[in-house]
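Work through the exercises below on pockets, cavities and surface. Each task is followed by a stepwise solution.

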Amino acid sequence: MSLPDINALLDASASFDLLLTLLTYQLGLWLYTRSGGHPLLLPVWVGLVLVILALSLLGRSYSAYAANSALLMSLLGPVIVALAVPLYEHSRPMRQQSLRIVAICGATSVVTAGAVWLLVAQLAGGDPTLAGSLLPKAATTAIAIEIAASLGGIPALAAITVMLTGIVGGILGPGLLRRVGVTDDAAVGLALGVSAHAVGTARAFEISPRCGAWAALGMSLTGVLLALTLPLLGPLTAH
Amino acid sequence: MILHGLIALLAAQLAGELLCAVLGLPLPGAVVGMLLLLIVLAVRGRVTPALSTTAQTLLQYLPLILIPVSAGVMAHTALLYQHALLLVGVIVLTTLLSLIVCGRLAQALINRHTGDRSGPGA
């Protein structure tokens, strides 16, 4: 069989592409555990790099891989809905303080989104594709993908942006917060969750369970706040 | 167990999507579905074991689900190379900014209520 024949075969059935995704993710999980949970070896990162590498080496198109991965991608909606369960469980003990917490998350999101907007305007002439992909960076990946689509950004670029954000915040966050005088575990946790979502939350749980709980709450609230406000801007257009 | 939970999640998603379509809301239907489910949980005051199991299982595999979507960057390599420095710069700067703003705000609220260690502004 010649190579084009093999590619046609791989395009025609979902088995290879699903196996590729599952195997590379499994390898990522193994590496992550072996490394003691290093933020640079996040399973999704390793899986993603290996999938892109494999598809490129085989000379296959992303559209064929995406079509074959419909089974996994259709779970994105239910997973976003499922985020209601941890949000409910983490917010219940902090109900009395909910207004203050929402205010902190909201203020931080406005400042951060404003900074993203200004930087893209100054450095890239306000490129709407870049702005739409970068603005949802503080939301969890699943939510950021949806927001980027509604802003006219590139969902995949938004996903990468979110992952990088998590890595930067997870690695530099705890040290930076200590240096600027943020000492209380609740404040450290909230900042890590609001700024660096899942990776930040994982780091926060390493500090203390209380720190982790606040991070989980900050992460969920920020995702919801961004998802309810950013899409109202509508598809961004060039000026 | 997992089937019951999945039915609840999909029903909430569908309700969210319908609500957005009917009201003309430019919001992601799944996020509105999540809020609807959150309201139901708050009203009932508890999470059923079936829903809890399904949500935990699905969320555990969230990174796996994200790989196929994220691999879409391979179709945009030109854009990525052209703006690599800008992307990394904006991401690093705004993440550090977010950490400082949120951390200081929360710490300021806690300091105003010294003696109470339960959380921001308790």
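**Exercise 1: the largest pocket**

Helix α12 (residues 185–207) of chain A supplies the largest share of the lining of the largest pocket, eight residues. The model is a predicted one. Describe this pocket by volume, centre and lining chemistry.

Solution.
- Step 1, volume. The largest pocket holds about 900 Å³.
- Step 2, centre. The lining counts 34 residues, and the closest to the pocket centre are A:Ala198, A:Val199, B:Leu59, B:Leu62 and B:Pro63.
- Step 3, chemistry. Sort the lining of the largest pocket by class: 22 residues are nonpolar, ten are polar and two are charged.

**Exercise 2: the second largest pocket**

Which elements give two or more residues to the lining of the second largest pocket? Which one gives the most?

Solution.
- Step 1, volume. The second largest pocket has a volume of about 370 Å³.
- Step 2, centre. Its lining has 16 residues; A:Leu87, A:Ser91, A:Arg95, A:Ser98 and B:Leu38 are the closest to the centre.
- Step 3, elements. Chain A brings α7 (84–91), α8 (98–124) and α13 (209–229), and chain B brings α2 (29–44); these are the elements that give two or more lining residues.
- Step 4, top contributor. With four residues, α2(B) gives the most to this lining.
- Step 5, chemistry. The lining of the second largest pocket splits into twelve nonpolar, two polar and two charged residues.

**Exercise 3: the enclosed space**

How many cavities of 30 Å³ or more are there? Which residues line the largest cavity?

Solution.
- Step 1, count. There is one cavity of 30 Å³ or more.
- Step 2, volume. The largest cavity encloses about 40 Å³.
- Step 3, lining. A:Ser109, A:Thr112, A:Ala113, A:Val116, A:Leu135, A:Lys137, A:Ala138 and A:Leu226 line the largest cavity.
- Step 4, source. α8(A) gives the most to this lining, with four residues.
- Step 5, chemistry. Five residues of the cavity lining are nonpolar, two are polar and one is charged.

**Exercise 4: a residue on the surface**

Is B:Leu23 buried or exposed? Place B:Leu23 in its helix and in its surface patch.

Solution.
- Step 1, cut-off. A residue counts as exposed when its relative accessible area is over 50%.
- Step 2, class. B:Leu23 has 56% relative accessibility, so B:Leu23 is exposed.
- Step 3, helix. B:Leu23 lies in helix α1 (residues 2–23) of chain B.
- Step 4, patch. B:Leu23 joins B:Leu19, B:Val22 and B:Leu25 in a nonpolar surface patch of about 370 Å².

How values were computed
Residues are numbered from 1 along each chain as its sequence is written. Chains are lettered from A and ligands numbered from 1 in the order in which they are written. This is a predicted model: local features need pLDDT of at least 70, side-chain atom pairs count only at pLDDT 80 or more; totals for chains, interfaces and linings use all residues. Side-chain values use heavy atoms; hydrogens and water are left out. Patches are made of residues with over 30% relative accessible area and no salt bridge: like charges are joined within 9 Å, nonpolar side chains (Val, Leu, Ile, Met, Phe, Trp, Tyr) within 5 Å. Accessible areas come from the Shrake-Rupley method with a 1.4 Å probe; for residues, only the protein chains shown count as cover. A salt bridge is a side-chain nitrogen of Lys or Arg within 4 Å of a carboxyl oxygen of Asp or Glu. Buried means under 20% relative accessible area, exposed over 50%, partly exposed in between (1.4 Å probe, protein chains only). On a 1 Å grid over the protein atoms alone, a cavity is a set of points where a 1.4 Å probe fits but cannot get out, and a pocket is an open set with protein on both sides within 12 Å along at least five of seven lines; lining residues have an atom within 4 Å of a point. Grid points are joined across faces, edges and corners, and a volume is the space filled by probe spheres set on the points. Ala, Val, Leu, Ile, Met, Phe, Trp, Tyr, Cys and Pro count as nonpolar, Asp, Glu, Lys and Arg as charged, and the others, Gly among them, as polar.
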